[in-house]
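Hi there,

Here is the structure I promised to pass on to you. Please have a look at it first, and then read my notes underneath.

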Amino acid sequence: MELSPPPPGLEAEYESLFSTGSLLFLQELISTFDEEVDQVLKLRISRKAHLDLTADLPSFLESTTHIRRDPVWRVLPVPPRLQRRHVDIGDLAPCDTERFVKALQSSAQGLQVDFDDGNCPTYYNQIKGLHNVFKAVHNQIPNLPHISHAPVLMLRPRAWNMVEHNLMVAGKEAAGPLFDFGLLMFHCGKMLFENKSGPFFYLSKVESFMEARLWNKIFVWTQHKLGLPLGSIKATVLIENILAAFEMEEILYELRDHSAGLNCGIWDYSASIVNKFGHRQDFLLPDRSKYVNMEKHFLRSYMDLLVQTCHRRGALATGGMAALLLPQDPLNDPHSTVLATVTRLKLLEIKAGVDGFMVYDLSLIEPMQKLFKLHTEGDNQLHQLRHDVTVTPEDLLTMPLGGVTLYGLKYNIAVGVLFVNAWLSGKGHFFYRGQVEDSATAEISRSQG
């Protein structure tokens, strides 16, 4: 193994994270699964090449029909702390200590502790963020509730395509998600389990059930190594790729001992449509500000299918993140307008049967929790089986009609340029025109530009 020296100013954090034991654990984890990570990345390339060369469109897999038709199987029930997932805080980069502490002091049910989309994975940010999580889990941050009473930490490692340039194993850069997951589990897994508060994860950018199968193998191996019972780890898979939308049931099946459900990630999902099929005329998504929301048929169908699939299998279904920022003065019109917009869109998700969703702005936590209290009963909506839903491949693949607008083009260019600027400044997200923009929204802007 070769590990870069610590970033300036983080020598103590580096020493506590990279103990002899953690390095040996990382080395074994990465050596065991590195080849399989390469295989899933090659599978992605192969599927993309097939779609490009044949002009085929995805559909529900014939080879796994028996899984979808079997009415019996269910995912294992989640622990009590995951039963109520009404409002999570999204895009929470843990290297931002001030926001991380405020989130831990909030009334949110959970925190998306984000090493992926909302975070810029510089070496400094990763070390700082990992150490902040370590301190929170081990109750080393003053004026915070005990980890067993704080909002649940939903830890989000980087996606499969990200690498950690500062760690080499057998002469090869380590896979970013294994670096993040390994350190989080080694330092925090047992403490979270003992306090009945984890370890819980979000899994980013999963494209197929084969990738879910790999994550499940990693979970089983890790639990065995760390002396945790099978099924201790629970993970919510972000369905933010069009190909994964056709394999939701299979993804749940592969992770059935470790599933905390599925999540709608509409920005990456929409960008993936352009990425996979954007060279085809039928898949040129019009203006993102008009057409990327759950009121549009292709996205509403995706959410309905996700809710139906999850609830049929006893899994929680969660919606995406409200990116709008709530103006501070409640007496001003902009405050009322933003709150009304977020309420309208999130009520659509609640009525579709979601068990929770995310907000970026901490000021939206209580209004959205009240919305759940007003329109639902109990901890979740698992009883909403959505027998009324029938979603076809055409529903998922028919894009809305609409023209490209000059406003939309300017918006996309601005977001693309400002994201690059934020990224080069070591920040994973920024604010523009009253909402948060991150790599997911930047990707849809880039792909449309």
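Below is what turned up, going from the overall fold to the finer details.

Please keep in mind that this is a predicted model.

**Overall picture**

The chain contains 16 helices and 13 strands. Its radius of gyration is 21 Å, close to the 22 Å that the globule rule gives for 449 residues, so the chain is as compact as a globular protein of that length. If you are setting up a box, the C-alpha atoms take up roughly 55 × 55 × 45 Å along the principal axes.

**The barrel**

The main thing to look for is a closed barrel made of eight strands. Going round, the order is 2-3-4-7-8-9-10-11, and the pairing is parallel. On average, neighbouring strands of this sheet are turned by 30° against each other, with direction ignored.

To see one of the pairings up close, go to strand 10 (residues 317-322) and strand 11 (residues 356-359), which run parallel and are joined by three bridges. There, M321 sits opposite M358 of strand 11.

Two of the helices that lie across barrel strands are worth a look. Helix 4 (residues 97-104) crosses strand 2 (87-92), strand 3 (110-114) and strand 4 (152-156), and the angle between helix 4 and strand 2 is about 175°. Helix 11 (residues 297-312) lies across strand 8 (234-239), strand 9 (259-264) and strand 10, running at about 170° to strand 9.

**The cavity**

You may well ask how many cavities of 30 Å³ or more a search of the whole structure finds. There is one, and the volume of this largest cavity is about 230 Å³. It is lined by 20 residues, of which G265, W267, M321, D438 and A440 are the closest to its centre. M321 is thus a residue to remember, as it also stands opposite M358 in the strand pairing above.

Which elements give two or more residues to the lining? They are strand 9, helix 9 (266-277), strand 10, strand 13 (435-438) and helix 16 (439-448). Helix 9 gives the most, with three residues. In terms of chemistry, the lining has nine nonpolar, five polar and six charged residues.

**The open sheet**

Apart from the barrel, have a look at an open sheet of three strands, with the order 1-5-6 and antiparallel pairing. Its edge strands are strand 1 (2-3) and strand 6 (172-175), each of which pairs on one side only. Strand 5 (residues 163-169) is held to strand 6 by four bridges in the antiparallel sense, and V163 has A175 of strand 6 as its bridge partner. Helix 6 (residues 176-194) packs on this sheet and touches strand 5 and strand 6. The direction of helix 6 makes about 60° with that of strand 6.

**Two backbone details**

Most residues other than glycine have a negative phi, and most peptide bonds are trans. With that in mind, here are two spots to check. A170, in the loop between strand 5 and strand 6, has a positive phi, near 55°. The peptide bond from G198 to P199 is cis, with omega near 0°. P199 belongs to the loop between helix 6 and strand 7 (200-203).

That's everything from my side. Happy exploring!

Best wishes

Methods
Residues are numbered from 1 along each chain as its sequence is written. This is a predicted model: local features need pLDDT of at least 70, side-chain atom pairs count only at pLDDT 80 or more; totals for chains, interfaces and linings use all residues. Side-chain values use heavy atoms; hydrogens and water are left out. Two strands pair if DSSP finds at least two bridges between them. Axes are lines fitted to C-alpha atoms, for helices over the stretch in contact, and angles run from 0 to 180 degrees between N-to-C directions. Contact means heavy atoms within 4.5 Å. On a 1 Å grid over the protein atoms alone, a cavity is a set of points where a 1.4 Å probe fits but cannot get out, and a pocket is an open set with protein on both sides within 12 Å along at least five of seven lines; lining residues have an atom within 4 Å of a point. Grid points are joined across faces, edges and corners, and a volume is the space filled by probe spheres set on the points. Ala, Val, Leu, Ile, Met, Phe, Trp, Tyr, Cys and Pro count as nonpolar, Asp, Glu, Lys and Arg as charged, and the others, Gly among them, as polar. The radius of gyration is taken over C-alpha atoms; the globule rule is 2.2 Å times the number of residues to the power 0.38.
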